[in-house]
Structures are given as structure tokens and as C-alpha cells.
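Reader: I would like to read an interface first and then the empty space inside a protein. Can you take me through both?

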Amino acid sequence: MRFPKLPNLGLGDRIPSHQELERMEKEEAGDRPKWDNKTQYMLTCVGFCVGLGNVWRFPYLCQSHGGGAFMIPFLILLVLEGIPLLHLEFAIGQRLRSGSVGVWTAINPYLTGVGIASLLVSFLVGMYYNTIIAWVMWYFFNSFQNPLPWSQCPVNANLTDLVSECTRSSPVDYFWYRDTLNTSTSIGDSGGLQWWMVLCLLCAWLLLYVCCLRGIATTGKAVYVTSTLPYVVLTIFLIRGLTLKGSLDGIKFLFTPDLNELMNPSTWLDAGAQVFYSFSLAFGGLISFSSYNSVHNNCEQDAVIISIINGFTSVYSATVIYSIIGFRATERFDDCLEGNILALLNAFNLAEGSIKEGNYAESLQNLNGTFPETIQSLDLKTCDLQTFLSQGVEGTGLAFIVFTEAITKMPVSPLWSILFFIMLFCLGLSTMFGSIEGTVVPLQDLNIFPKRWPKEAITGIVCLVSFVIALIFAQSSGNYWLALFDSFAGSIPLLVIAFCEMIAVVYIYGIDRFNKDIEFMIGHKPNLFWQVTWRFVSPLIVLVIFVFYFVTKVSSNVTYIAWNPSSEDFPTLEVLEYPAWIYVIIFILAGVPSLVVPGTAIFKLIRRCCSNKNVYGAEVDTVSAKVQIQSSKFKN
Amino acid sequence: MLVWILFLLCQVGAPALAQDLCQRDAPNGYKVRISLKTALGEDAYEWNQSEMFFFQATMAFAMRRHFQMETYNVDNIILCVQTSRVSFWFVVTSPDNTTMLIPKADVEKAVRMSRHRINNAFLLSDRTLEFLGIYPTLAAPVNPDTPPWLIVFGVVIGAVCVGIIALLISSLLQKRRKEKGMTEDGQDEEDMQVKGVENGINLDGTYNRGFTDDDRFTKL
């Protein structure tokens with residue numbers, strides 16, 4: 001019984017047959033790049049998947065959705081959603097031997113839009129992701145001094161007191177919002193370019209260019225460092241973290257399971273979204289990378305291994321992060337308590353050491369009984385370790401505020417700071433390799449640039465254009481723009497693309513044909529698990545996540561948080577509404593890539609109807625495919 | 001006799017007068033707070049009358065240094081309201097007239113001038129030997145000529161630029177080498193094609209140069 005599929009004319013003419021693949025394999029034909037060895041391929045894929053999200057999004061989700069209990073939805077969705085999608089992308093890339101535009105055009109010319117959407121998303125996400133790397137580099141450059149610049153408040157202009165914005169918030173907040181971003185009070189207030197940020201951005205893009213210059217020939221070498229160094233640093237931090245006071249409290253807090261959270265649908269949604277984004281699916285980079293493999297590479301095994309590594313890295317880095325957060329929370333708690341004790345000693349002129357942490361509560365009670373007004377006037381803070389632990393921060397707040405504060409309290413701070421930011425840098429850079437691959441290869445396939453232009457030139461142009469547009473993020477309001485890009489460019493379009501990918505492979509390419517291809521490539525037909533997940537389970541999960549995301553975003557008031565020293569609740573961030581013109585930008589970010597999918601199909605339909613040209617002809621416009629056909633022409 | 005009674009009265013009255021001068025919240029006095037355990041931990045010494053005497057001596061030294069008058073003495077520093085926190089109040093009397101107090105502002109100037117010496121005398125710091133109301137002057141920030149981050153930035157970007165140029169040059173050289181190799185092959189192909197085709201027909205023989213018309217033009 002054949003699985004139902006949509007009619008698809010001329011598929012056989014557009015894709016290389018199994019015999020042609022065997023021939024290409026034997027002759028090692030063409031100018032198509034190849035991996036030097038399997039290790040490079042695996043490290044590149046691991047590097048692309050493992051990114052900043054593993055370090056600063058997963059620990060927060062884990063802690064806020066019931067600790068150890070979060071592992072259950074995470075692992076279930078990893079198996080049902082992550083692994084099948086990963087295997088699908090690997091297999092289709094390896095079979096059709098082309099980048100994202102080439103693959104989807106080969107399956108059906110009306111599906112070119114999926115590839116173009118991948119291109120746009122890779123481009124937009126790459127722009128803001130590299131800005132985060134620029135921020136990491138700024139902190140890295142500033143780590144080569146003792147004491148670290150974010151460990152104390154600077155003195156004001158006439159040397160009378162510390163800067164008030166800093167004393168009211170904290171040195172780390174001040175360094176992040178003022179010295180690094182010089183943030184304005186709203187997204188509309190651009191505030192001009194910050195020269196030091198422009199320099200860091202330039203450095204980030206140049207470094208990316210030098211690594212991606214020749215495509216996988218250069219990135220393949222770079223990943224030996226960028227994919228392995230984070231694990232080394234994480235281990236160093238784990239060992240260091242476990243020797244610090246309070247680290248075990250943090251780890252316990254992270255993993256304490258709260259099974260009630262499993263009843264909450266948002267737990268499952270967040271787990272699904274995290275698995276999806278963590279695997280860097282739908283960017284087109286993974287399809288491209290696996291197309292450089294030999295035809296008989298075992299993509300099924302690769303998908304499983306990389307998924308396991310990705311899941312393990314998430315859990316491992318969560319442990320490390322929370323051991324350090326536990327240390328910071330304990331330090332904060334101790335400082336808070338010490339401050340209170342000092343206030344009491346000073347107010348009542350009691351001898352030092354008469355009130356300690358142990359008898360603090362009862363001493364306070366005694367004093368409150370006899371001198372309530374004095375106690376009131378002291379304005380003592382409530383010190384609760386759980387509150388400090390659950391100051392769950394994620395994203396840039398975790399890396400640049402919470403973690404940097406923890407580092408200042410460790411001995412030999414500059415060393416830990418340098419290690420931490422090198423790790424973040426490597427994590428980000430290896431993800432950027434996939435982004436650039438997902439941008440450059442489709443551009444080549446679409447023949448946007450003349451064919452004789454070398455890859456170096458195309459990569460250079462992509463980096464240059466991205467750098468120029470990314471100067472938005474170097475303004476005073478850059479942080480708000482980045483949050484905007486992060487919420488909209490990197491969320492909804494990816495879900496749309498992934499859903500279309502699965503429908504395209506299962507129903508338009510044909511799951512039966514796909515099964516035969518995999519049997520040809522790896523020697524055995526995919527088993528029942530893959531069949532069920534590819535046909536029903538994974539598309540359903542992606543659809544559900546998309547619907548919920550879409551509904552939440554559309555129905556909620558779109559707001560953002562801003563740093564405003566003159567607001568009432570300072571240092572709490574102010575919640576502001578986006579101005580009306582932002583909705584245009586949101587549409588460009590989220591709507592355009594999503595609408596390109598049907599848009600291109602309609603465009604091609606109109607063109608076909610108007611010119612009566614045969615769209616299903618044997619002309620395959622992609623550079624990557626053409627190279628093979630030409631080479632087979634010469635070798636008679 | 002009268003003189004003797006007066007003398008007795010002075011002896012009794014002086015400390016009482018001193019007590020009136022020095023009291024809690026005295027308008028010309030300062031409160032001092034000392035945190036020995038915070039500063040020295042295990043090595044903290046005991047705060048006793050001898051230490052109080054030492055404090056008086058240090059303050060007298062500070063007053064001498066500031067006013068450049070050698071007449072200040074330990075008796076001019078009056079201490080009171082001692083607590084177990086270790087905190088106390090002190091006032092400074094003028095050496096010429098023991099009933100007159102030195103104004104607060106002058107005392108502050110004297111303390112500021114010799115703050116470092118006073119701190120070191122007691123092995124304490126600005127934070128652990130507090131004169132409530134006299135804020136420590138903040139250390140002037142050290143401003144290096146080039147911010148350290150620019151140096152690291154310069155190193156990184158220099159290395160990256162060198163890397164880019166090296167890779168681009170090697171790509172260019174590789175391409176030129178390939179082109180050179182290809183044009184040599186191409187020439188052979190061209191010759192083959194020229195030899196084999198005549199009038200558009202592919203001939204399978206080798207071109208016999210013997211039949212070329214070298215002398216097309218008649219010689220003179």
C-alpha cells in the first residue's frame with residue numbers, strides 16, 4: 001500500500017538517480033566541497049546545534065518549569081520531534097546533494113520558497129547572533145585587567161561620590177547598560193552609534209569572515225577548536241564551581257523536581273520550542289553540511305548521536321551554570337545578612353560578634369520587641385536564599401549580569417572571566433558557521449551573483465552587508481532592536497519552514513521514495529519509529545507549537561523592557577509598549593520569510609501561465625547540481 | 001586658703017566641665033566607630049583604656065599637624081559615651097583655653113589630612129575606623145593612556161587581518177596555478193581540434209603539413 005502523496009511531475013529528471021549517485025561517489029567528481037574526515041562533519045554539526053541557547057536558555061527553562069521534572073517533557077520531545085527532524089534534514093541533504101534552495105527546488109520547483117525562506121531566516125538570525133558575539137568579545141577584551149571593570153562603581157566627575165546610576169543599581173548592571181550598551185530609554189530613541197560597539201562588531205564579522213572564507217575548507221579546520229573548547233571550559237568551571245560555597249544549593253535547586261509543572265501546558269510548549277530551536281533546524285545549514293558527505297554515510301546514526309550530544313550538553317551546562325548561580329546566591333545572601341547585622345550592631349551599639357547568622361532571627365525578634373521604632377527606621381532587607389536562587393535570569397542577563405557578578409566574587413577573577421567569554425565566543429561562532437552556510441549556498445544556488453565569482457567574494461559580500469545592517473544594533477537602542485529580532489525573526493518563520501519541510505518530504509517527494517533512498521544510502525529501510533514520527537507525530541508537534549506561539553504573540557500586547565534611570569521602579573526594568581511603526585518591522589521580520597513560501601509558488605505559477613514555459617523541465621538551475629552534470633559530460 | 005579652695009574646685013569641676021563639653025550629639029564632636037573583628041578577624045586586639053589613650057594621642061598628633069601648633073596635648077582630646085560596639089564620641093578643646101572647643105570644620109580638616117596615618121596607627125581602614133560625618137575621599141581613578149581593552153582588540157584584529165590576507169593570497173595563487181595548468185591542457189585540445197576539423201567535418205587523420213601552401217605569394 002503506497003502512502004498517499006501529492007502529484008509531482010518530472011521528479012526523476014530533476015534529481016540524480018541512484019546509479020548516478022554511485023557513479024559520482026566512485027569518480028569523486030565535481031567541484032563540490034567535501035569533508036576532510038567524518039570528525040570535521042560531526043564537530044561542525046555539533047557546533048551548529050550546540051549554541052548559546054544551551055547555556056543560557058535551557059537552565060532557565062529547567063529551573064522555572066519544575067527542575068528535574070522538566071527533563072521528562074524535554075527528553076520526550078527530543079525523541080519525538082528533534083531526532084526525526086534532524087534525520088530528515090540530514091537524509092534529504094545527503095540524497096539530493098544540494099543546499100536548501102537546491103533541495104526544495106529539486107523536489108518541486110514551486111517549493112523554492114521554502115529554500116528562500118531558510119535563506120532569509122539564516123541571514124536575519126545571523127545578523128543579530130553575531131552582535132551577541134560582538135558583546136561577548138567586548139567583555140572578553142575587558143577581562144584583561146584586575147580588578148575587573150564591572151566589579152566596582154566608577155567615581156563621578158568631581159570625585160565626590162560614586163556614580164549614582166551605579167550605586168542605585170549595581171556595578172554589573174551599570175557596566176552592561178551604560179559602559180557596554182550605553183542604552184537609551186526607548187527603542188525610538190536611537191542615540192547614535194557607539195564607536196566601541198562598532199569596533200567590536202567589525203572584529204566579530206572579520207573573525208567570522210576569516211573562518212568562513214573558503215566554506216567548509218576553512219570552517220572544517222576552525223571547528224576543531226570552536227566545538228571542543230566549550231566542553232573543556234565547562235568542565236573547568238564545574239570543578240571550580242563545586243569547590244565554591246553554595247554551589248550544591250544551586251544544583252539542588254535546579255534539579256528539585258516539581259511534578260505538578262507537568263500538568264501545565266506551557267511547560268510542554270517551552271520544552272518543544274527549546275528542542276526545536278536548540279537543533280538549529282530549518283536554517284538550511286544542516287542540509288548543506290550533510291550534502292557534502294559521501295552518499296553512503298550513515299545519516300541515521302549521525303542524527304541520533306548529535307541529538308544525544310545536544311541533550312547532554314544542555315543538561316551539563318545547566319549543572320555548571322547553576323553551581324555558579326548557587327554560589328552567587330549564597331554570597332548575596334551572606335552579604336544581605338551581614339548588612340542587616342551591621343545595621344543592628346551600629347544602631348544598638350552592641351559588641352561585634354554578638355549577633356551572628358545563627359542567632360540573627362531571635363536577636364532580631366528580641367530587639368523588635370523592645371525597640372520597634374528603631375527597627376522600623378533601619379529598613380532591614382529580607383534575606384531569603386530561595387529568592388536569590390530563583391532570580392532566574394536567562395539570555396544576555398544571565399551571561400552579562402548574573403554570571404559576571406559571580407565571577408567577580410571568585411579569586412583570580414580575570415582568568416575565569418576570560419575562560420567564560422572564550423567559551424561563549426566559541427559556542428556562538430560555531431553556530432554562525434551554519435548560519436553563513438545557510439545564507440551563502442542558497443545565494444549561489446539562486447544565481448544572485450555571477451557564477452564565476454569565487455566563494456571568497458560572495459562570503460565577503462554577505463559579511464559586509466550583514467555588518468552594515470547590523471550597525472542598527474550598535475546604536476544606543478541596539479539592545480531593544482536585538483530583542484525584537486530575537487522574538488520575531490528567529491521564532492515563527494522557523495516553525496513554518498520546518499512544517500513545510502516535513503510536508504514536502506513526506507507528501508510531495510513521497511515517503512515511499514524517501515524510504516527507498518535511505519535504504520540505498522545506509523543499507524536498511526528506516527524502521528517503524530521513523531515512519532510514524534515523520535508522517536504524523538513530528539509535523540503535528542510543530543504545528544501545535546506554531547499555533548500556540550502565533551496565538552500568544554498576536555493576542556498579547558507586544559511590549560519590551562527598557563533601562564530607564566529616571567523611572568520610578570529603577571533598577572527594575574520599565575515595561576514599554578512598542579511604537580506603531582515597529583509593527584511594520586515585525587511584519588518584515590516574521591511575515592516576509594513565512595509568506596515567501598506561498599509567495600514564490602504563486603509567482604512561479606503566474607510566470608508559467610503567462611509565458612507557458614515548462615517549469616517541470618530538466619533544467620536544474622542550481623550551481624551545485626549543474627557542476628555534477630557538467631563534469632559527467634566531460635568524462636565520456 | 002581661698003586659692004586652695006578654688007584649686008580644689010577646679011580639680012573637681014574640670015572633669016565635670018569636660019563632661020559637659022563632650023556628650024552624645026555634641027555640636028562640635030564626632031562619633032567614632034571601630035570594627036576590630038571585621039578588620040582583623042582572629043588577630044583583633046582588645047580595645048581597652050590604653051587604646052583609648054593611644055587614640056587621644058593620635059588625634060592630638062593630627063591637630064598638631066594640621067594647625068602646625070605644638071601645643072596640642074592628650075588632655076585636649078576628650079572622649080565620652082563609650083560603648084561595647086566599640087564606639088565613642090570625642091571633642092577637641094583649644095590648648096589655650098580648655099573650655100573652648102575647636103569647631104567641627106577644623107577638626108574635620110585635621111582628620112582628613114592625617115586620615116591615612118590614623119588608620120595605620122590602629123591597623124584599620126576607612127571602612128573599619130569610621131568618623132561618622134567625615135566621608136573618606138575617594139581614590140582618584142587610575143586612567144591609563146590607552147584603555148586595556150583597546151590593546152587586546154588591536155592584537156585580535158591584527159591577527160585576523162593577517163589571516164584574511166594570507167588566505168586570500170593563497171586562494172589567488174592556487175587559482176593562478178590551476179589556470180596555468182588548464183591553459184596548457186587547453187592548448188593541446190585546441191591543436192587537436194584544429195587538426196581534426198576541416199569544413200566542419202571531423203577528420204580522423206593527422207594533418208599533413210607537407211601540403212600546406214607556404215608560398216602563396218609569388219616570389220619576386
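Author: Let us begin inside, with a cavity lining. H8, H22 and H23 of chain A each give at least two residues to the lining of the second largest cavity. Keep in mind that this is a predicted model.

Reader: How is such empty space found, and what volume does the second largest cavity have?

Author: The general idea is to roll a probe the size of a water molecule over the atoms, which shows where empty space is left. Here the second largest cavity comes to about 40 Å³. Its lining includes Ser122(A), Phe123(A), Trp205(A), Met432(A) and Ser466(A). By class, that lining has six nonpolar, five polar and no charged residues.

Reader: How many cavities of 30 Å³ or more are there by this rule?

Author: The count is three. The largest has a volume of about 70 Å³.

Reader: Which elements give two or more residues to the lining of the largest cavity?

Author: They are helix H12 (216-226), helix H22 (413-445) and helix H23 (455-470), in chain A. H22(A) has the largest share, with four residues. Among the lining residues are Cys212(A), Phe289(A), Phe433(A), Glu437(A) and Lys455(A). The classes are six nonpolar, three polar and two charged. Ile436(A) is on this list, and Ile436(A) also lines the second largest cavity.

Reader: Now the interface. What area is buried between chain A and chain B?

Author: Interface size is often given as the accessible area lost when the parts come together. Between chain A and chain B, about 2,700 Å² is buried, and carbon and sulfur atoms give 67% of that. In chain A, the residues that lose the most area to chain B are Phe141(A), Asn349(A) and Glu352(A), together 26% of what that side buries.

Reader: How many residues does each chain bring to the contact?

Author: Chain A brings 34 residues and chain B brings 31.

Reader: What about polar contacts and salt bridges between chain A and chain B?

Author: Take the two counts separately. There are 11 residue pairs in polar contact, with both residues at pLDDT 80 or more. The rule finds zero salt bridges across this interface.

Reader: Which elements of chain A give two or more residues to the side that touches chain B?

Author: Helix H8 (112-141), helix H11 (195-212) and helix H17 (299-348) do. H11(A) provides the largest share of that side, 10 residues. By class, the side of chain A that touches chain B has 24 nonpolar, six polar and four charged residues.

Conventions
Residues numbered from 1 in each chain as written. Chains lettered and ligands numbered in written order. Predicted model: local features only at pLDDT ≥ 70, side-chain atom pairs only at ≥ 80, totals over all residues. Heavy atoms only, no water. Contact = heavy atoms within 4.5 Å. Buried area = accessible area lost by both parts, 1.4 Å probe. Salt bridge = Lys/Arg side-chain N within 4 Å of Asp/Glu carboxyl O. Polar contact = N/O pair within 3.5 Å; in protein donor to acceptor, adjacent residues only side chain to side chain. Nonpolar A, V, L, I, M, F, W, Y, C, P; charged D, E, K, R; others polar. 1 Å grid on protein atoms, 1.4 Å probe; cavity = no way out; pocket = protein on both sides within 12 Å on 5 of 7 lines; lining within 4 Å. Points joined across faces, edges and corners; volume = space filled by probe spheres on them.
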